[in-house]
Amino acid sequence: MLCVRVWRGLSPLCRGGHLSAWKRTQSRTAASRLDLSGMYPPIATPFTPEEDVDYQKLEGNLQKYAKIPFKGLVVQGSNGEYPYLTEEERVEVVKTVRRSLPTDKLLMAGSGCESTRATVQLTEKMAAAGADVVLVVTPCFYKGKMDGRALIQHFTKVADSSPVPVVLYSVPANTGLELPLDAVVQLSQHPNILGLKDSGGDISRIGLIVHKTKTQDFQVLAGSAGFLMAAYSVGAVGGVCALANVLGRELCELESLCASGRWEEARGLQQRLIEPNAAVTRKLGVPALKQAMEWFGFHGGACRSPLQPLTEAETQQLRRDFSSNGWL
């Protein structure tokens, strides 16, 4: 899919020499437009009992995911426990996935760090490791100062320097910070920013972003299975959904039903996914996701400390959320 995009409206502070450097090194990226539409699981990182990355179990999961019609995989997203991995581990996991991933599947790698400088450097390493696209989360430690001006400058510098296209990542449940709508609209005009993964769940916001960026052919991905159908109804093109690690074929089916406008069939499936999705995200988090993966034949296992395993009561609740909807 080819598309000519014009980078207009950004302040001189965000353009200048950065744009020139980007044009010199990234002209092919601007000309050849990646289609992000489809379903992506943000894959989990398996660990050994000693909390080392278990690359053998990771390979086992990748072999099983290769049989599911995903558009690609997100590596080192929130469900990959990236804040608890060293930079070297983050890059090595991406290399491992790239070696196993079929060439027709996209690899979207999380490269976000707190500083712009570190994000630029890790983005370059992720591209060298085989990432087709990078997913860049909002820096948030100094969230009180992360206003639109700071975030626009941050993402612009990252996109200027990135050898591969950039997808913005807004996940307020984890960062306490939502990427402002006006900033998204402005950043959508950058030729190396392809889209946004929005995990906030505000459907009116997602619809407005789609509406205000449609002249840029900006692509919005729903960040959770709980509102995938609703996001599609207002113009999202796909999803990066934790639940896809467990119910991958079912999420791909829902994505297909929505994309083809078969809303009545989609509604019934969407309703059955709401409770299990909530259980492995906002209610019980990554430990629950990894437990559910074990039930469905994948390698989940323990999280890296300080994340704790589920209590017995939490495990029982998790099982009820899946079984009451016909999944167990």
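**Notes on cavities, pockets and helix packing**

1. First, the enclosed spaces. The structure holds three cavities of 30 Å³ or more. Bear in mind that this is a predicted model. The largest of the cavities has about 80 Å³ of space in it.

2. What lines that largest cavity? You'll find Leu-62, Tyr-65, Ala-66, Ile-68, Phe-70, Gly-72, Leu-73, Val-97, Ser-100, Leu-101, Pro-102 and Lys-105 around it. Three elements put two or more residues into this lining: helix 2 (55-65), strand 2 (72-75) and helix 3 (87-100). Sorted by class, the lining residues come out as nine nonpolar, two polar and one charged.

3. Helix 2 and helix 3 also pack against each other, so have a look at how they sit. Their axes are 10 Å apart and the angle is about 40 degrees. Since roughly parallel would need an angle under 35 degrees, helix 2 counts as oblique to helix 3. The crossing of helix 2 past helix 3 is right-handed.

4. Now the residues behind that packing. Helix 2 brings Tyr-55, Leu-58, Glu-59 and Leu-62 to the contact, while helix 3 brings Glu-89, Glu-92, Val-93, Thr-96, Val-97 and Ser-100. Between helix 2 and helix 3, that gives five nonpolar, two polar and three charged residues. Leu-62, Val-97 and Ser-100 are worth clicking on: they take part in this contact and they also line the largest cavity.

5. Helix 3 has another partner, helix 4 (residues 116-129). The axes of these two come within 9 Å, crossing at roughly 25 degrees. That angle makes helix 3 roughly parallel to helix 4, because anything under 35 degrees is counted that way. As with helix 2, the crossing is right-handed.

6. Which residues of helix 3 meet helix 4? They are Glu-87, Arg-90, Val-91, Val-94, Lys-95 and Arg-98. Facing them in helix 4 are Leu-122, Lys-125, Met-126 and Ala-129. This contact of helix 3 with helix 4 has five nonpolar residues and five charged ones, with no polar residues.

7. On to the open spaces. The largest pocket has a volume of about 900 Å³, and 41 residues line it. If you want to find its centre on screen, go to Ser-78, Val-171, Ala-173, Asn-174 and Thr-281, which lie nearest to it.

8. Where does the lining of that largest pocket come from? Helix 6 (172-175), helix 11 (263-283) and helix 12 (285-295) each supply at least two residues. Helix 11 has the largest share, with six residues. By class, the lining divides into 22 nonpolar, 15 polar and four charged residues.

9. The second largest pocket has a volume of about 160 Å³. Its lining is made of Pro-287, Lys-290, Gln-291, Glu-294, Gly-301, Ala-302, Cys-303, Leu-307, Gln-308, Pro-309, Leu-310 and Thr-315. Helix 12 turns up again here and gives the most, with four residues. In terms of class, this lining has six nonpolar, four polar and two charged residues.

10. To pull the threads together: helix 3 is one of the elements lining the largest cavity, and it packs with helix 2 as well as crossing helix 4. Helix 12, for its part, supplies lining residues to the largest pocket and to the second largest pocket.

Methods
Residues numbered from 1 in each chain as written. Predicted model: local features only at pLDDT ≥ 70, side-chain atom pairs only at ≥ 80, totals over all residues. Heavy atoms only, no water. 1 Å grid on protein atoms, 1.4 Å probe; cavity = no way out; pocket = protein on both sides within 12 Å on 5 of 7 lines; lining within 4 Å. Points joined across faces, edges and corners; volume = space filled by probe spheres on them. Nonpolar A, V, L, I, M, F, W, Y, C, P; charged D, E, K, R; others polar. Axes fitted to C-alpha atoms, helices over the stretch in contact; angles between N-to-C directions. Parallel < 35°, antiparallel > 145°, perpendicular 65-115°, else oblique. Left-handed = near helix turned anticlockwise from the far one by under 90°. Contact = heavy atoms within 4.5 Å.
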